[in-house]
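Visitor: Please walk me through this chain. Begin with a term that will be needed, then take my questions.

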Amino acid sequence: MDFIPPQLQAYSERFTSPEPALLAALNEETWRNVARPRMLSGHIQGRMLSLFSKMLQPQRILEIGTYTGYSAICLAEGLAPNGSLVTIDIDGGLEEMVLRYFERAGLGDRAQMIIGDAREIVPTLQGTFDLVFIDADKESYCAYLDLILPRMRSGGLILADNVLWSGMVLDPKIQDIETQGLRDFVQKVAATDGIEFVLLPVRDGIMAVMKQ
């Protein structure tokens with residue numbers, strides 16, 4: 001994920017809105033106690049997610065892939081007054097930590113965590129979505145797009161993380177299912193009608209897709 005020199009990374013963080021204290025605490029606890037802490041969105045990506053959400057002021061946010069809840073809290077910062085967020089994760093091992101930080105963030109009655117397979121859960125959710133963040137199993141990104149795009153309102157935004165995959169998407173010798181899944185996903189986005197999209201080289205790459 002380290003695409004720019006550390007000095008430029010520090011410079012970028014210096015001129016990005018400060019990381020809120022609660023998220024800094026969650027960041028620190030994740031790095032101290034949880035496996036694979038690089039999965040956490042972190043300061044710059046987190047502020048970007050927050051900024052997008054504040055611009056959209058979504059009523060309904062969907063996240064696929066919760067981890068420790070950092071990105072969900074960032075996304076929830078822009079929720080409309082009566083808005084709600086649903087986050088889905090296949091693994092319930094971090095649920096206690098996620099819900100503890102949701103409560104501290106004042107999201108106890110506005111954010112819901114569902115444990116299970118998003119491919120089975122998303123079709124059971126009611127209504128449309130204004131903002132969706134995908135950060136789960138990479139080989140399923142195409143399936144998630146098929147499930148979600150018909151449920152997006154016009155002007156709604158889908159953000160998909162890790163689409164640059166530490167540069168591995170450019171190496172033809174790498175053919176594992178996750179890397180190929182990400183290649184297939186961006187190709188699918190590029191071939192889809194009725195959307196506008198841009199691949200943002202932020203952190204590990206974010207594909208932003210707006211439904212027309």
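Guide: A residue counts as buried when its relative accessible area is under 20%. The model here is predicted.

Visitor: Which residues of helix H7 are buried?
Guide: H7 spans residues 141-148. By the under 20% cut-off, four names can be given. They are Tyr141, Tyr144, Leu145 and Ile148.

Visitor: Why do these residues lie on the same side of H7?
Guide: Take the buried set Tyr141, Tyr144, Leu145 and Ile148. Their directions are counted around the helix axis. They share a side because they cover an arc of only 100°.

Visitor: What covers the buried residues of H7?
Guide: Both strands and helices contribute. Strands S1 (60-64), S4 (129-134) and S5 (152-161) are among the cover. The cover also includes helices H6 (118-121) and H8 (177-190).

Visitor: How many helices and strands are in the protein chain?
Guide: H7 is one of the helices. The full count for the protein chain is 8 helices and 7 strands.

Visitor: What radius of gyration does the protein chain have?
Guide: The chain has 212 residues. A compact globule with that many would come near 17 Å. The chain agrees with this, at 16 Å.

Visitor: What share of the contacts with a separation of 6 or more joins residues 24 or more positions apart?
Guide: A contact needs heavy atoms within 4.5 Å. Among those with a separation of 6 or more, the share from residues 24 or more positions apart is 69%.

Visitor: How far apart are the centres of the positive and negative side chains?
Guide: There are 19 positive and 28 negative side chains. The centres of the two sets are separated by 4 Å.

Key: Residues numbered from 1 in each chain as written. Predicted model: local features only at pLDDT ≥ 70, side-chain atom pairs only at ≥ 80, totals over all residues. Heavy atoms only, no water. Helix = DSSP H or I, 4+ residues; strand = E, 2+ residues; numbered from the N terminus. Rg over C-alpha atoms; globule rule 2.2 N^0.38 Å. Lys, Arg positive; Asp, Glu negative; His and termini not counted. Charge placed at Lys NZ, Arg CZ, Asp CG, Glu CD. Buried < 20%, exposed > 50% of the residue type's maximum accessible area, 1.4 Å probe, protein only. Arc of directions from axis to C-beta.
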